[in-house]
Amino acid sequence: MQFNEISAGESHLLLSMGLPAISQVGVIVNDLDKAVRYYRSLLNIKKWYSTRINGEECFYRGKPVEQRLDIAVGYWGKTQVELIRQDCGEENVYNAVLGIGGQGFHHLGVTVADLEKKVALFKKGGIEALQTGTIRFGRGGVTKYAYLDTLERAGFILELIETRAFGINLGMPQWVVNLGRITGDTESI
């Protein structure tokens, strides 16, 4: 890991973004069912959820990538733990970091209100997006994300996440997942 010095201007720009506290820890897994059982015991997360994905687009280093994701989320206090099983033969942010078939800690995520603006500010500060995308859930829920190229400098990937339903920015609190259970878009696992 290389902690390169950043200029005073870059430092000021990054500090001025006012990112919120970490809201998500992302983990890549090969077997979602086994991982849910393991993390249920390890972190004492009793409730896990899976939301139906209706469509997704993603771009790795600016190029379109076809991938399929299976995601389970649980809450460790107020922090969402996201378990991701991905199926993609093309290089993407999941297999490029941990290798094909690799699993383990992948990213820390924060929720933002204006993803495109934050990505542009990071780019101005010298941090590019590795992968960006949009995931459509259930009945109008949309999550846009950007995985930032912070691995070499920070030791982890930083993900910016913007989740909206019917145009309203929701963030990722547990009540949003519970609302999905009521509408039939999310199921307990």
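**View 1. Val25 in strand β1 is partly exposed, with a relative accessible area of 22%.** Buried means under 20% relative accessible area, exposed over 50%, and partly exposed in between (1.4 Å probe, protein chains only). The model is predicted: local features need pLDDT of at least 70, side-chain atom pairs count only at pLDDT 80 or more, and totals for chains, interfaces and linings use all residues. Residues are numbered from 1 along each chain as its sequence is written, and side-chain values use heavy atoms, with hydrogens and water left out. Val25 is found in strand β1; strands (E, at least two residues) and helices (H or I, at least four) are DSSP runs, numbered from the N terminus. Leaving aside neighbours within four places in sequence, Val25 is in contact with Thr79, Gln80, Val81, Glu82, Phe105, His107 and Leu108, where contact means heavy atoms within 4.5 Å. From Val25 to Glu159 the C-alpha to C-alpha separation is 9.5 Å in space, while the two are 134 residues apart in sequence.

**View 2. Strand β6 pairs with β1 and with β5.** Two strands pair if DSSP finds at least two bridges between them. Strands β1 (residues 24–28) and β6 (residues 79–87) run parallel and are joined by five bridges. Val27 has Leu83 as its bridge partner in β6. Between β5 and β6 there are nine bridges, and these two strands run antiparallel. Thr79 in β6 stands opposite Trp76. The β5 and β6 strands form a hairpin with two residues between them, and Gly77 in the turn has a positive phi of about 70°.

**View 3. A salt bridge joins the side chains of Glu57 and Arg136.** A salt bridge is a side-chain nitrogen of Lys or Arg within 4 Å of a carboxyl oxygen of Asp or Glu. For Glu57 and Arg136 the N to O distance is 2.7 Å. Glu57 lies in strand β3 (residues 53–60) and Arg136 in strand β8 (residues 129–137), so the pair ties together parts that are 79 residues apart in sequence. Glu57 is partly exposed at 36% relative accessibility, and Arg136 is partly exposed at 34%. A search of the whole structure finds five salt bridges.

**View 4. Further salt bridges pair Arg164 with Glu162 and Arg68 with Asp70.** The closest N and O atoms of Arg164 and Glu162 are 2.5 Å apart. Arg164 is partly exposed at 28% relative accessibility, whereas Glu162 is buried at 6%. Elsewhere, Arg68, Asp70 and Arg85 are joined into one network by salt bridges that share partners. Within this network, the closest N and O atoms of Arg68 and Asp70 are 3.4 Å apart. Arg68 has a relative accessibility of 44% and counts as partly exposed; Asp70, at 22%, also counts as partly exposed.

**View 5. Helix α6 has buried residues, and a nonpolar surface patch includes Leu179.** Val176, Val177 and Gly180 of α6 are buried. Seen down the axis of α6, the buried residues fall within an arc of 100°, so they line one face of the helix; the arc is that of the directions from the helix axis to the C-beta atoms. An α-helix has 3.6 residues a turn, so residues three or four places apart point the same way. Cover for the buried residues of α6 includes β2 (48–51), β5 (68–76) and β12 (186–188). Leu179, placed in α6 (residues 174–183), is partly exposed at a relative accessible area of 42%. Trp175, Leu179 and Ile182 form the nonpolar surface patch, with about 370 Å² of accessible area together. Patches are made of residues with over 30% relative accessible area and no salt bridge: like charges are joined within 9 Å, nonpolar side chains (Val, Leu, Ile, Met, Phe, Trp, Tyr) within 5 Å. Accessible areas come from the Shrake-Rupley method with a 1.4 Å probe; for residues, only the protein chains shown count as cover. Just after α6, Gly184 takes a positive phi of about 85°.

**View 6. Asn44 and Arg61 have positive phi without being glycines.** Asn44 has a phi of about 55° and is placed in the loop between α2 (32–43) and β2. With a relative accessible area of 52%, Asn44 is exposed. Arg61 has a phi near 50° and lies in the loop between β3 and β4 (63–65). Arg61 counts as exposed at 52% relative accessibility.
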